[in-house]
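The following exercises ask the reader to work through a protein model with its bound ligands. Each task is followed by a solution in steps.

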Amino acid sequence: MATINFGGVLEEVVTREEFPMEKAREVLKNEVIAVIGYGVQGPGQALNLKDNGFNVIVGQRKNSKTWDKAVADGWVPGETLFDIEEAAAKGTIIQFLLSDAGQITLWPTLKQHLAPGKALYFSHGFGITYKEQTGIIPPADVDVILVAPKGSGTSLRRLFLAGQGLNSSFAIFQDATGRAKERAVALGIGVGSGYLFETDFKKEVFSDLTGERGSLMGCIQGIFAAQYETLRRNGHSPSEAFNETVEELTQSLMPLVAENGMDWMYANCSTTAQRGALDWWKKFKDATQPVFDELYASVAAGKEAARSIASNSTPDYREKLNEELKELRESEMWQAGAAVRKLRPNA
Ligand SMILES: NC(=O)C1=CN([C@@H]2O[C@H](COP(=O)(O)OP(=O)(O)OC[C@H]3O[C@@H](n4cnc5c(N)ncnc54)[C@H](O)[C@@H]3O)[C@@H](O)[C@H]2O)C=CC1
Ligand SMILES: CC(=O)[C@](C)(O)C(=O)O
Ligand SMILES: [Mg+2]
Ligand SMILES: [Mg+2]
């Protein structure tokens, strides 16, 4: 572990330098890693592990679109691709990467394949933390570990192919073999993480649910929609409103934030912009703080989990989500966005 100063707070993290891929391969050399589920995280983690030289198989429902996707990605039925139960039986490490709601349905079946000494791996603290709602209570003689990449499985794969990596958290819920930590860290390195920071299952799920409902996904769409509406109400064209709300942010300003922080992005804007942004950000913070506090409380009370389980367990959950995504896509703002994207010089 390396001790790093994060803004004045010292934290122990794992980097690729002190835990190189060679070491990860050594730790996992006798393991069969069974990746169960081939949705978004499944492909990213399974393909990265395979390309990094680990022994990986995929478990997926036969006669499904994702089974076909797995075949198209190079997994071979009967050799590296199996139905879920067969893969779970073969795996010594079982990466449980079904949707969080899907994990509840499969749990009674999956737990039968958790022979003593195996490791049960999650990429979210959801199933374990909200056990009253999920019923996921692992037997005491298996390791229960987590590696949660902080981003989409799609980005995990893309960044891996570009020679980069997403940061991930890792956690140990249960150490039955005495090897839980080295297994978790080796898997974290193997799936293509940048650096790894330690957490516990509860903190992982509380922060993750807050982040995706908040500034990463929910809040950002809310803020975009509000500003776009104000501009449109005041007679600005869709093109002007979209550029001033989204396109400039994603294409010009966020890359500068990613590169060197907020003050660096500000410093590369006009002094007029800097004056205004420095005056207004605190007002936005104050306006949204109560919403974030409400959100965190809802997460901590298990209400967000309940809502997610209820809506994602219905047979037509995918169609319903797609309908809502369609509504977003067809809103004027995002239709304007589609037109703007087509006009990008490299489009
Ligand atoms: N989507 C992402 O990039 C991220 C996901 N995670 C976590 O990783 C885990 C996997 O998430 P995703 O990849 O988004 O899952 P997903 O929603 O893409 O679903 C994964 C697979 O589960 C299958 N599935 C769903 N219900 C099922 C059932 N009842 N029986 C059998 N198969 C079923 C789906 O067909 C799909 O192939 C979750 O715990 C999630 O919170 C963590 C970080 C990011
Ligand atoms: C991509 C990610 O890490 C999220 C937003 O938390 C998720 O997909 O659940
Ligand atoms: Mg996340
Ligand atoms: Mg999440």
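**Exercise 1.** Which of the 23 residues around ligand 1 come nearest?

*Solution.* The model under study is a predicted one.

Step 1. Val40, Gln41, Asp100, His124 and Gly153 come nearest to ligand 1, out of 23 residues around it.

Step 2. Two side chains supply polar contacts. An N or O atom in the side chain of Asp100 is 2.6 Å from an oxygen atom of ligand 1. For Gln103, a polar side-chain atom lies 3.4 Å from an oxygen atom of the ligand.

Step 3. The backbone also takes part: a polar backbone atom of Gly153 is 2.8 Å from an oxygen atom of ligand 1. Ligand 1 taken alone exposes 820 Å², of which the protein buries 82%.

**Exercise 2.** Determine which helices supply at least two residues each to the shell around ligand 1, and describe the shell by residue class.

*Solution.* Step 1. The helices that meet this condition include helix 5 (100-110) and helix 16 (317-329).

Step 2. Helix 5 gives the most to this shell, namely 4 residues.

Step 3. By class, the shell around ligand 1 holds 7 nonpolar, 13 polar and 3 charged residues.

**Exercise 3.** Which residues surround ligand 2, and which side chains make polar contacts with its oxygen atoms?

*Solution.* Step 1. The residues surrounding ligand 2 are Gly151, Ser152, Asp208, Glu212 and Met217.

Step 2. Sorted by class, this shell has 1 nonpolar, 2 polar and 2 charged residues.

Step 3. In the side chain of Asp208, an N or O atom is 3.0 Å from an oxygen atom of ligand 2. The corresponding distance for the side chain of Glu212 is 2.6 Å. Taken alone, ligand 2 exposes 270 Å², and the protein buries 61% of that area.

**Exercise 4.** Identify the protein donors of the magnesium ion (ligand 4) and locate them in the secondary structure.

*Solution.* Step 1. The donors are Asp208, through OD, and Glu212, through OE; they lie 2.0 Å from the magnesium ion (ligand 4).

Step 2. Asp208 also bridges the magnesium ion (ligand 4) and the magnesium ion (ligand 3), and these two ions lie 3.5 Å apart.

Step 3. Both Asp208 and Glu212 belong to helix 10 (residues 201-213), where they are 4 residues apart, about one turn of the helix.

Step 4. Glu212 counts as partly exposed because its relative accessibility is 26%, and this class lies between the limits of 20% and 50%.

**Exercise 5.** Compare the secondary structure of the two domains that UniProt places on the chain.

*Solution.* Step 1. An unreviewed UniProt entry places the feature "domain: KARI N-terminal Rossmann" at residues 10-199. This span is 38% helix and 24% strand, and its end C-alpha atoms lie 14 Å apart.

Step 2. The feature "domain: KARI C-terminal knotted" is placed by UniProt (unreviewed entry) at residues 200-347. Over these residues the chain is 82% helix and 0% strand, with end C-alpha atoms 43 Å apart.

**Exercise 6.** Is Thr66 buried or exposed, or does it fall in between, and how many residues separate it from Tyr317 along the chain?

*Solution.* Step 1. Thr66 lies in helix 3 (residues 65-72).

Step 2. The relative accessible area of Thr66 is 24%, so the residue is partly exposed.

Step 3. Thr66 and Tyr317 are 251 residues apart along the chain, and their C-alpha atoms are separated by 16 Å.

Note on methods. Residues are numbered from 1 along each chain as its sequence is written. Chains are lettered from A and ligands numbered from 1 in the order in which they are written. This is a predicted model: local features need pLDDT of at least 70, side-chain atom pairs count only at pLDDT 80 or more; totals for chains, interfaces and linings use all residues. Side-chain values use heavy atoms; hydrogens and water are left out. UniProt positions are given in the numbering used here, feature names are shortened, and annotations may be inferred rather than shown by experiment. A residue is near a molecule or strand if one of its heavy atoms lies within 4 Å of it. A polar contact is a pair of N or O atoms within 3.5 Å; within protein, one must be able to donate a hydrogen and the other to accept it, and residues adjacent in sequence count only if both atoms are side-chain atoms. Accessible areas come from the Shrake-Rupley method with a 1.4 Å probe; for residues, only the protein chains shown count as cover. Ala, Val, Leu, Ile, Met, Phe, Trp, Tyr, Cys and Pro count as nonpolar, Asp, Glu, Lys and Arg as charged, and the others, Gly among them, as polar. Donors are N, O and S atoms within 2.8 Å of the metal (3.2 Å for Na, K and Ca); water is not among the atoms, so sites may look incomplete. Buried means under 20% relative accessible area, exposed over 50%, partly exposed in between (1.4 Å probe, protein chains only).
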